[in-house]
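Thanks for sharing this one. Here are a few notes to read alongside the coordinates, starting with the cysteines and then turning to the sheet.

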Protein chains: 2
Amino acid sequence: MDRTYIKDTVEKTGETVKLKGWVAVRRDHGKLIFLDLRDRTGLIQLVINPKVSADAHLVATDIRSEYVVEVEGKINPRMENQINKDLPTGMIELEVTKLAVLNKSEPVPLSLDTDGKEIGEDVRMKYRYLDLRRERMARNLANRHRITKFIRDFLDAEGFIEVETPILSKSTPEGARDYLVPSRLLPGSFYALPQSPQQYKQLLMVAGLEKYFQIARCFRDEDTRGDRQPEFTQLDLEMSFVEREDVMALNEKLLIDIVTKLFPEKKIQGTPFPRMSYQEAMDKYGTDRPDLRENKDDPNLLAFCWVIDFPFFEKTDDPPAGGGWTFTHNPFSAPKTEFMDDLLNQTNIEGILTTQYDVVLNGFEIGGGSIRNHRPEALKAVFKIMGFEDERIEKNFGHMLEALSYGAPPHGGIAWGLDRLVTIIQNEPNIREVIAFPKTGDGRDVMMDGPAPATDKQLKELHLKIDAVKEKK
Amino acid sequence: MDRTYIKDTVEKTGETVKLKGWVAVRRDHGKLIFLDLRDRTGLIQLVINPKVSADAHLVATDIRSEYVVEVEGKINPRMENQINKDLPTGMIELEVTKLAVLNKSEPVPLSLDTDGKEIGEDVRMKYRYLDLRRERMARNLANRHRITKFIRDFLDAEGFIEVETPILSKSTPEGARDYLVPSRLLPGSFYALPQSPQQYKQLLMVAGLEKYFQIARCFRDEDTRGDRQPEFTQLDLEMSFVEREDVMALNEKLLIDIVTKLFPEKKIQGTPFPRMSYQEAMDKYGTDRPDLRENKDDPNLLAFCWVIDFPFFEKTDDPPAGGGWTFTHNPFSAPKTEFMDDLLNQTNIEGILTTQYDVVLNGFEIGGGSIRNHRPEALKAVFKIMGFEDERIEKNFGHMLEALSYGAPPHGGIAWGLDRLVTIIQNEPNIREVIAFPKTGDGRDVMMDGPAPATDKQLKELHLKIDAVKEKK
């Protein structure tokens with residue numbers, strides 16, 4: 001007999017079915033034993049009556065919570081006074097004729113019949129494989145999949161090609177801190193894990209791909225603060241022969257479609273998304289990520305907006321341009337057209353506005369992008385303003401400048417923080433709730449107990465020595 | 001005016017259109033200048049007649065190969081004697097009325113109008129962003145996208161959920177060599193890049209997900225040999241409540257659908273896929289990856305087969321079980337049912353057959369998987385046979401044994417080498433041809449010049465020192 005999913009039992013009253021799943025609860029009422037059986041589609045009550053099957057009743061006697069079972073029986077309507085209106089299968093129950101244990105379970109170390117919010121995160125993380133059994137977590141992963149699938153279908157239909165770019169990449173010292181990967185074949189040298197596929201996607205535009213996207217893993221070795229993870233996921237996207245309006249329009253349509261098609265119960269506060277300049281946002285809201293929701297208690301309200309016209313540069317005290325300039329968002333961005341001469345001439349630096357666009361949702365920046373400099377002299381001018389010597393520009397960005405010299409098309413793109421978007425849509429308090437196996441705040445995996453010391457053999461092969469590590473107080 | 005893609009021009013004879021793209025070839029016939037314009041959809045001939053537009057003619061005079069241009073004009077039928085039957089747009093040409101250069105190009109350092117097979121790979125890799133402009137490479141990337149999209153659509157329709165598992169993972173010393181990532185927050189400790197999501201996908205089965213898949217990046221730090229890459233891509237898949245036949249049937253259907261729906265010009269030699277035991281394969285073909293093609297000269301012939309019934313263990317001279325046993329495929333596999341008692345009792349070790357199934361295409365193993373041990377005592381018995389002490393088992397696999405003790409469902413899965421599958425379908429000689437930015441044989445990225453030395457600041461933050469590196473002879 002083929003297995004039936006529990007959600008489908010409601011349409012099979014009177015039929016005999018086979019179910020498989022986990023025992024959520026066992027209640028022994030003397031002669032009758034009741035089991036709540038759970039699979040990934042729902043929950044159903046099983047009734048084990050020794051008069052129907054003495055064998056099944058014997059098996060059920062030893063069953064405990066989280067045992068894995070296979071069961072056959074007839075779906076009966078429940079008696080009127082036993083109907084449970086809170087459960088989709090609350091009108092029916094399964095009268096068990098066969099029952100087999102597929103695997104036992106030790107008593108689980110954390111409760112699985114709540115949403116888990118009352119349980120300490122360290123316990124939840126250590127037993128993540130149990131924590132994910134709770135309905136809230138299963139729904140978060142399933143909806144993350146649905147959102148990601150929708151994005152892929154949408155962009156594929158728009159003619160985009162998904163391309164995988166390297167994870168073993170090269171360090172670019174101008175961003176946040178990189179994770180490094182020692183090379184064994186080239187001892188003393190290191191790969192870096194990408195903070196984003198920024199350079200690769202621009203090189204794919206130089207390659208003539210015209211429409212690229214990727215659901216891309218990104219890495220930043222940041223100090224523990226707030227709601228960050230060492231690795232996170234971006235929707236990364238780049239288009240050729242476009243202007244700012246083209247990229248913004250495509251992304252706005254995609255965001256609206258995700259909400260209206262997948263989450264019809266949600267309400268977008270305003271379409272088209274309101275737009276404001278960085279200056280307006282700061283003047284009016286004191287932040288460039290304003291939360292425009294008119295009713296912050298409404299869990300289904302989504303208030304998107306675009307923030308544009310950011311300054312390209314800001315003063316910095318960091319070397320090499322101590323007292324000089326650094327970029328506010330992305331060194332590869334183009335200025336707004338009317339400021340291109342200023343960029344090339346390195347004049348009116350504080351006044352240059354970038355083509356950058358940020359998309360904000362309920363007070364969180366969920367994405368940002370820009371039109372890029374597709375001419376090498378413009379990209380070089382950015383590094384000049386930042387005070388870089390020619391040698392350093394050549395060393396770190398020579399390949400990009402050279403690539404732009406071989407017929408780079410005008411192009412621009414965006415990256416979304418996918419974890420954050422899913423978190424907000426799912427009304428979760430932090431991104432760890434929508435990541436299958438997140439790290440703790442200090443980057444530990446308490447389930448597998450990583451990171452861990454390397455063996456002497458590994459260190460020797462990599463030509464590495466651990467430098468004296470001071471004990472933390 | 002909206003931009004028209006070149007492939008769509010064939011249906012627009014007599015219309016005025018705007019095109020954007022790259023100049024593939026420029027031919028100056030005195031008064032008339034001819035340009036071949038390329039975009040990602042095709043190639044079309046432009047005619048620039050000074051009598052039609054003196055401005056355009058002036059612009060065209062300075063244009064060289066790989067310049068990026070925007071052009072407007074009328075699509076005219078070509079004269080009979082000028083029709084090019086080898087080109088989809090060979091019946092027409094564009095009479096240019098407006099022409100603008102969007103970006104210039106230096107003379108490119110490698111020819112782009114061939115398939116590139118005659119060019120040294122180092123040059124192709126250094127200028128990968130140009131190499132990818134050639135039609136062959138663009139088609140490889142586009143078809144890789146189509147195959148991957150098809151897999152995702154198929155599995156989504158079958159109820160699978162794609163879940164992202166960590167890239168910053170933990171080293172498991174029993175596999176191939178890991179890439180390590182030093183932790184800054186926990187100095188002296190290291191993450192490892194995953195060789196596959198094997199443990200995570202099994203933990204997702206313990207979590208009750210039932211049907212998981214992922215297009216997953218995997219990493220192995222192997223010595224340079226053959227057609228390997230430091231990072232590669234798997235279709236990774238796991239299912240609960242299944243037996244060997246279920247996983248094989250699903251995968252066989254998916255492979256057949258990919259070929260018949262996306263590549264109707266290809267011919268599958270035999271369906272259902274032939275099956276043979278490991279012993280039969282070795283006896284008959286002397287290999288467990290037999291190439292069953294009846295006509296090896298037919299580039300459209302695909303001969304799939306399954307190889308099953310592998311020995312679980314083989315003798316090894318490596319520690320810790322010097323002269324003892326190691327697994328042939330995967331320590332997490334279950335034996336065939338009739339050998340479970342042998343496994344648990346550690347008897348008849350050489351005779352135990354595993355549930356492993358490999359899928360072979362044209363002499364290459366393109367995938368492999370198994371039903372897993374879902375009971376902790378069976379998994380532990382595998383490590384016992386391999387001669388591991390209890391302490392080592394607990395240290396390296398304690399979390400897996402514990403996870404299996406909390407109601408792990410019966411489960412199994414598979415992993416495909418996606419790069420290899422695409423390579424064979426595209427009739428390419430090696431996987432680098434279907435990877436956007438591959439590494440060289442010794443793991444170098446000659447485009448970005450990585451890996452590269454770390455800065456003193458980076459090493460200090462990671463508490464690392466480079467050990468004396470001997471010069472290679």
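1. C218(B) is buried, with a relative accessibility of 0%. Please keep in mind that this is a predicted model. C218(A) is likewise buried, and its relative accessible area is 0%.

2. How many disulfides are there over all chains? The count is zero. For C218(A), the closest cysteine sulfur belongs to C218(B) and lies 18 Å away, which is too far for a bond. Seen from the other side, C218(B) takes part in no disulfide, its nearest cysteine sulfur being that of C218(A) at 18 Å. The cut-off applied here is a pair of sulfur atoms within 2.5 Å.

3. Do have a look at the sheet in chain A. It is open, has eight strands with mixed pairing, and follows the order β6-β9-β10-β19-β18-β17-β14-β12. Strands β6 (161-162) and β12 (275-277) of chain A are at the edges; each has a single partner strand, so one side of each has no neighbour in the sheet.

4. Within that sheet, β9 (residues 211-219) and β10 (residues 231-240) of chain A run antiparallel and are joined by nine bridges. One pair to check on screen is Y212(A), whose bridge partner in β10(A) is E238(A).

5. Two helices deserve a glance as well. Helix α5 (residues 198-206) of chain A lies across β9, β10 and β19 (411-417) of chain A, at about 20° to β10(A). Helix α7 (residues 278-285) of chain A packs on the sheet too, where it touches β12 and β14 (304-308) of chain A, and its direction makes about 90° with that of β12(A).

Methods: Residues are numbered from 1 along each chain as its sequence is written. Chains are lettered from A and ligands numbered from 1 in the order in which they are written. This is a predicted model: local features need pLDDT of at least 70, side-chain atom pairs count only at pLDDT 80 or more; totals for chains, interfaces and linings use all residues. Side-chain values use heavy atoms; hydrogens and water are left out. Two strands pair if DSSP finds at least two bridges between them. Helices (H or I, at least four residues) and strands (E, at least two) are DSSP runs, numbered from the N terminus. Contact means heavy atoms within 4.5 Å. Axes are lines fitted to C-alpha atoms, for helices over the stretch in contact, and angles run from 0 to 180 degrees between N-to-C directions. Buried means under 20% relative accessible area, exposed over 50%, partly exposed in between (1.4 Å probe, protein chains only).
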